[in-house]
Amino acid sequence: MEALALAQRSGDMKLTLEALSALAALAFRRGRPDVAGQLLIFILGHKATAQEVRDAANELLSHLPPTGLTMRKEIDLATAVALATSA
């Protein structure tokens, strides 16, 4: 989570998205597919997402159970960060 805070402070959106991707994977491993799904959808929908991060997000998304995507909705960066830090 420190990496996410540092990325945000630096203003580097690509780095912020990469940190969110890592936190989505952590949420998935901690049994929070709902949080992981919301973060992944945000990451994949953002135009600044690097291809490597996009590929990793798609890979993780393929492992989510359908329930991880049932609450799918548009979220903004502040909501994504709040979700990531709550998981």
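Val 53 sits in helix α4. The model is predicted. This briefing starts from that residue, then moves to its helix and to the helices around it.

**Val 53**

- With a relative accessibility of 8%, Val 53 counts as buried, because the cut-off for buried is under 20%.
- Beyond its neighbours within four places in sequence, Val 53 touches Leu 17, Glu 18, Ser 21 and Ile 43.
- Ala 25 is 28 residues from Val 53 along the chain, and the C-alpha atoms of the two are 12 Å apart.

**Helix α4**

- Helix α4 covers residues 51-63, which makes 13 residues.
- At 1.5 Å a residue, α4 should span 18 Å. Its end C-alpha atoms are separated by 19 Å, so the expected and modelled spans agree.
- Val 53 is one of the buried residues of α4, and the others are Arg 54, Ala 57 and Leu 60.
- These buried residues lie on the same side of α4, because they cover an arc of only 130° around the axis.
- The buried residues of α4 pack against two helices: α2, residues 13-29, and α3, residues 33-45.
- Gln 51, Glu 52 and Ser 62 are exposed, and they sit on the face of α4 turned away from the buried side.

**Where α2 meets α4**

- The axes of α2 and α4 come within 10 Å and cross at roughly 20°.
- That angle makes α2 roughly parallel to α4, because angles under 35 degrees count as roughly parallel.
- The crossing of α2 with α4 is left-handed.
- On the α2 side, the contact is made by Leu 17, Glu 18, Ser 21, Ala 24, Ala 25 and Phe 28.
- On the α4 side, Val 53, Leu 60 and His 63 make the contact.

**Two partly exposed residues of α2**

- Glu 18 belongs to helix α2. Its relative accessibility is 41%, so Glu 18 counts as partly exposed.
- Glu 18 is also among the residues in contact with Val 53.
- Leu 64 is 46 residues from Glu 18 along the chain, and their C-alpha atoms are 19 Å apart.
- Ala 22 lies in helix α2 as well. It is partly exposed, with a relative accessible area of 46%.
- The C-alpha atoms of Ala 22 and His 46 are separated by 16 Å, and the two residues are 24 apart along the chain.

**Where α1 meets α2**

- Helix α1 is made up of residues 2-10.
- The axes of α1 and α2 come within 8 Å and cross at roughly 165°.
- α1 is therefore roughly antiparallel to α2, since angles over 145 degrees count as roughly antiparallel.
- α1 and α2 make a left-handed crossing.
- From α1, the contact involves Ala 3, Leu 4, Ala 7 and Gln 8.
- From α2, it involves Leu 15, Thr 16, Ala 19, Leu 20 and Leu 23.

**Helix α5 and its cover**

- Helix α5 runs over residues 77-86, and its buried residues are Ala 80, Val 81 and Ala 84.
- These residues cover an arc of only 100° around the axis, so they lie on the same side of α5.
- The cover over the buried residues of α5 includes α1, α2 and α3.
- α2 and α5 pack at an angle of about 35°, and their axes are 10 Å apart.
- The crossing of α2 and α5 is left-handed.
- In α2, the residues that meet α5 are Met 13, Thr 16, Leu 20 and Leu 23.
- In α5, the partners are Leu 77, Ala 80, Val 81 and Ala 84.

How values were computed: Residues are numbered from 1 along each chain as its sequence is written. This is a predicted model: local features need pLDDT of at least 70, side-chain atom pairs count only at pLDDT 80 or more; totals for chains, interfaces and linings use all residues. Side-chain values use heavy atoms; hydrogens and water are left out. Helices (H or I, at least four residues) and strands (E, at least two) are DSSP runs, numbered from the N terminus. The expected span of a helix is 1.5 Å times one less than its number of residues. Buried means under 20% relative accessible area, exposed over 50%, partly exposed in between (1.4 Å probe, protein chains only). The arc is that of the directions from the helix axis to the C-beta atoms. Contact means heavy atoms within 4.5 Å. Axes are lines fitted to C-alpha atoms, for helices over the stretch in contact, and angles run from 0 to 180 degrees between N-to-C directions. Angles under 35 degrees count as roughly parallel, over 145 as roughly antiparallel, 65 to 115 as roughly perpendicular and the rest as oblique. A crossing is left-handed if the near helix is turned anticlockwise from the far one by less than a right angle, and right-handed if clockwise.
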